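Biologist: I've just opened this one and I'm new to it. Could you walk me through it while I ask the questions?

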Amino acid sequence: MKTLARLGILSALAALTPSLAFAHSGGAHVHGFFAGLEHPLLGMDHLLAMIAVGIIGARAGGRSIVLVPLAFVSAMVAGAFLGMAGIGLPSLETAIALSLVVFGAMVGLARPLPMAAAAALTALFGLFHGNAHGLEIPGNASGIAYAAGFMLGTSMLHAFGVLSVLKLARWPMTVRTAGLATSLVGMAMAAQAF
């Protein structure tokens, strides 16, 4: 019961803090490598999604530890290129919020998804995450440095997710509960996007 109460409080806080929930505020914050490096840490949508991708890969085990986050980052880069070319995917913020719902559900499952399914789902949402940032990145050297920093920050959060699973292996319900919390936050963000 305590866990559900905490999850409810977390979801309510996410719903009441829209400026913290979405990190996509436009291009004004794009200034270079360090801005890109810190960006995944500043938006709750990024922070939770990136950690969840690492957890999903680690829970699937074997090569998935590397391949699932790699699928996300690769699709994120492809989405960013689309955005830099001026091609915006529809309903970006809604899709990003939905990624939290899906990623949280994947983390919360009693059994992890097979590698192919996990990689496909993370890549699909990676495309949307990348597209949102590609639309914000300027085409100059500062934008390239920002993208490099963003990719490194994203990869570091994936690694944190992997390490979380390895460190919490004796407490799988803790990881699954974090997945449920991530889904609830995603639902709150999706409600804000409508």
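Biologist: Let's start with empty space. How many cavities of 30 Å³ or more does the structure hold?

Modeller: Keep in mind that this is a predicted model. The largest cavity has about 30 Å³ of space in it. As for how many cavities of 30 Å³ or more there are, the count is one.

Biologist: Which residues line the largest cavity, and how do they divide into nonpolar, polar and charged?

Modeller: Around the largest cavity you'll find Ile56, Arg59, Met106, Pro112 and Leu113. Arg counts as charged, so Arg59 is the charged residue of that lining. The split is four nonpolar, no polar and one charged.

Biologist: Stepping back, what pattern does the chain follow along the sequence?

Modeller: The chain has nine helices and zero strands. Of its 194 residues, 45% count as buried. Read from start to end, the pattern is α-α-α-α-α-α-α-α-α.

Biologist: What share of the contacts with a separation of 6 or more comes from residues 24 or more positions apart?

Modeller: Contact here means heavy atoms within 4.5 Å. Taking the contacts in the chain with a separation of 6 or more, the part owed to residues 24 or more positions apart is 83%.

Biologist: Now the inside. Which helix gives the largest share of the largest nonpolar core?

Modeller: That core has 32 residues, and those with the most contacts inside it are Ile55, Ile56, Val68, Phe72, Phe103 and Val107. At least two residues each come from helix H4 (44-60), helix H5 (64-84), helix H6 (92-108), H7, helix H8 (141-167) and helix H9 (172-193). The largest share is eight residues, and the helix supplying them is H4.

Biologist: Which residues does Ile55 contact, leaving aside neighbours within four places in sequence?

Modeller: Ile55 is among the residues with the most contacts inside the largest nonpolar core. With those sequence neighbours set aside, its partners are Val107, Gly161, Val162, Val165 and Val175.

Biologist: Is Phe72 buried or exposed?

Modeller: Phe72 sits in helix H5. Leaving out neighbours within four places in sequence, Phe72 is in contact with Met50, Val53, Phe103, Thr122, Ala123, Phe125, Gly126, His129, Thr154 and His158. Because its relative accessibility is 0%, and the cut-off is under 20%, Phe72 counts as buried.

Biologist: How far does H5 reach from its first C-alpha to its last?

Modeller: H5 has 21 residues, for which 30 Å would be expected at 1.5 Å a residue. Just after H5, Gly86 takes a positive phi of about 85°. The reach of H5 comes close to the expected span, at 29 Å.

Biologist: And what is the reach of helix H7?

Modeller: H7 runs over residues 115-134, and its 20 residues would be expected to span 28 Å. Its buried residues include Phe125, Phe128 and His129. From first C-alpha to last, H7 reaches 27 Å.

Biologist: Which residues does Ala95 contact beyond four places in sequence?

Modeller: Ala95 lies in helix H6, and it counts as buried because its relative accessibility is 11%. Ala95 belongs to another core, of six residues, that lies apart from the largest one and has Leu89, Leu92 and Phe128 among its members. Setting sequence neighbours within four places aside, Ala95 is in contact with Phe125 and Phe128.

Biologist: What is the C-alpha to C-alpha distance from Ala95 to Phe125?

Modeller: Along the sequence, Ala95 and Phe125 are 30 residues apart. In space, C-alpha to C-alpha, they are separated by 7.2 Å.

Biologist: Is Ser91 buried or exposed?

Modeller: Ser91 is in the loop between H5 and H6, and it has a positive phi of about 50° although it is not a glycine. Its C-alpha is 9.0 Å from that of Phe128, 37 residues apart along the chain. Because the relative accessible area of Ser91 is 52%, and the cut-off is over 50%, Ser91 counts as exposed.

Biologist: Last one: which residues does Thr182 touch, not counting those up to four places away in sequence?

Modeller: Thr182 has its place in helix H9. At 9% relative accessibility, Thr182 counts as buried. Leaving out residues up to four places away, Thr182 touches Leu48, Leu100 and Gly104.

Methods. Residues numbered from 1 in each chain as written. Predicted model: local features only at pLDDT ≥ 70, side-chain atom pairs only at ≥ 80, totals over all residues. Heavy atoms only, no water. Helix = DSSP H or I, 4+ residues; strand = E, 2+ residues; numbered from the N terminus. Expected span 1.5 Å × (residues − 1). Buried < 20%, exposed > 50% of the residue type's maximum accessible area, 1.4 Å probe, protein only. 1 Å grid on protein atoms, 1.4 Å probe; cavity = no way out; pocket = protein on both sides within 12 Å on 5 of 7 lines; lining within 4 Å. Points joined across faces, edges and corners; volume = space filled by probe spheres on them. Core = buried A, V, L, I, M, F, W, Y, C linked by side-chain atoms within 4.5 Å.
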